[in-house]
Amino acid sequence: MVTNVQFLVFESPAAACREVAGEIAALIRSRDLIGRRAVLGLATGSTPIPLYRELIRLHREEGLSFRNVTTFNLDEYLGLERNHPESYWSFMHRNLFDHVDIDPACVNLPSGTVSQEEILRHCRDYEDAIREAGGIDYQILGIGRTGHIGFNEPGTPMDARTQKIHLDPITRSDAAPAFGGIDKVPTEAITMGCGTILEARRIALLAWGSKKASIVRQAIQGPITDEVSASFLQTHADATFFLDNDAASKICD
Ligand code: GLP
């Protein structure tokens, strides 16, 4: 299999995020010029927060408008109401959507409250909505300690579509402090599948800090395996890892 994955190392997360935000702004502006929308795939977690901060700055200070932007988030916890402070719906509004001029009708996240009987239909509808929007132009990703992108935990196949998944114990324990205890962390989520993610035309995976160094190395230089779903990015024609020095510290020459 061809390895196309590139990585860029920056002196700080802020510097990396300026670069990624610049790419996103260029995409949005080039689409504006031809009267078309830009479709962004968005991620949650602490990692993309400085990116969202930079996009908000570009909106406020440099006139970047989001009125021609459609977004699809990667995932959502099952069992959380939208207004739960740890729902990804809340996270995205708090950290980005409430601060830019995006049309609320063009914001898409999987539902955290869909009934078990409706999940299959809901996931199919999510895939259809992405397709009808023209596919994702630019996908932002973080990486979990299990190597997951979205919530594609170890064992999720490369061609998986949007689906319900069970969260890995490591992922739940990482989320426990925010929820105030592991018992409060949902056990299931809906996530875009790896197959869905890999159809994005450009992918930027962000990772900061030494805690991510080992899994970043595995994703970039290890085998392409469903044990580390981020390793699937090695098969993508235009995926880049944006890293700070610490996250890149275990990559071998
Ligand atoms: C969760 C999210 C992922 C995210 C990961 C890492 O599992 N579903 O999209 O990449 O957390 O989070 P953090 O950026 O806080 O390290």
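Here is a short conversation about a predicted model of a protein.

User: Happy to start with the overall shape. What makes the radius of gyration of the protein agree with a compact globule?

Analyst: Good place to begin! With 253 residues, a compact globule would have a radius of gyration near 18 Å, and the protein has 17 Å, which agrees. Along the principal axes, the C-alpha trace spans about 50 × 45 × 35 Å.

User: Thanks! What share of the residues counts as buried?

Analyst: Buried stands for a relative accessible area under 20%, and 55% of the 253 residues count as buried. As for the accessible surface, its total is about 11300 Å², with 49% belonging to carbon and sulfur atoms.

User: Which secondary structure elements does the protein have, and why are strands 1 and 5 called edge strands?

Analyst: The protein has seven helices and ten strands. Seven of the strands form an open sheet with parallel pairing, in the order 1-10-9-6-2-3-5. Strand 1 (6–10) and strand 5 (107–108) each pair on one side only, and they are the edge strands.

User: How do you know that strand 9 and strand 10 pair?

Analyst: Two strands pair if there are at least two bridges between them. Strand 9 (residues 202–207) and strand 10 (residues 239–244) are joined by five bridges and run parallel, so the condition is met. For a spot to look at, find Ala207, which stands opposite Leu243 in strand 10.

User: Lovely. What makes helix 3 largely enclosed by the rest of the structure?

Analyst: Helix 3 (residues 88–95) has eight residues and six of them are buried, so the helix is largely enclosed. The buried ones are Tyr88, Ser90, Phe91, Met92, His93 and Asn95. Their cover includes strand 2 (38–42), helix 2 (49–62), strand 3 (69–73), strand 4 (75–77) and strand 5.

User: Moving to the loop between strand 4 and helix 3, why is Leu80 called buried?

Analyst: The cut-off is a relative accessible area under 20%; Leu80 has 7%, so Leu80 is buried. Leaving aside neighbours within four places in sequence, Leu80 is in contact with Glu86, Ser87, Gly112, Thr113, Phe179 and Pro186.

User: How far apart are Leu80 and Ala189 in sequence and in space?

Analyst: They are 109 residues apart in sequence and 9.6 Å apart in space, C-alpha to C-alpha. For the protein as a whole, residues 24 or more positions apart account for 79% of the contacts with a separation of 6 or more.

User: And how far apart are the mean positions of the positive and negative charges?

Analyst: The 25 positive and 34 negative charges have mean positions 2 Å apart.

Conventions: Residues are numbered from 1 along each chain as its sequence is written. This is a predicted model: local features need pLDDT of at least 70, side-chain atom pairs count only at pLDDT 80 or more; totals for chains, interfaces and linings use all residues. Side-chain values use heavy atoms; hydrogens and water are left out. Helices (H or I, at least four residues) and strands (E, at least two) are DSSP runs, numbered from the N terminus. The radius of gyration is taken over C-alpha atoms; the globule rule is 2.2 Å times the number of residues to the power 0.38. Buried means under 20% relative accessible area, exposed over 50%, partly exposed in between (1.4 Å probe, protein chains only). Contact means heavy atoms within 4.5 Å. Accessible areas come from the Shrake-Rupley method with a 1.4 Å probe; for residues, only the protein chains shown count as cover. Lys and Arg count as positive and Asp and Glu as negative; His and the chain ends are not counted. The place of a charge is taken as NZ of Lys, CZ of Arg, CG of Asp or CD of Glu.
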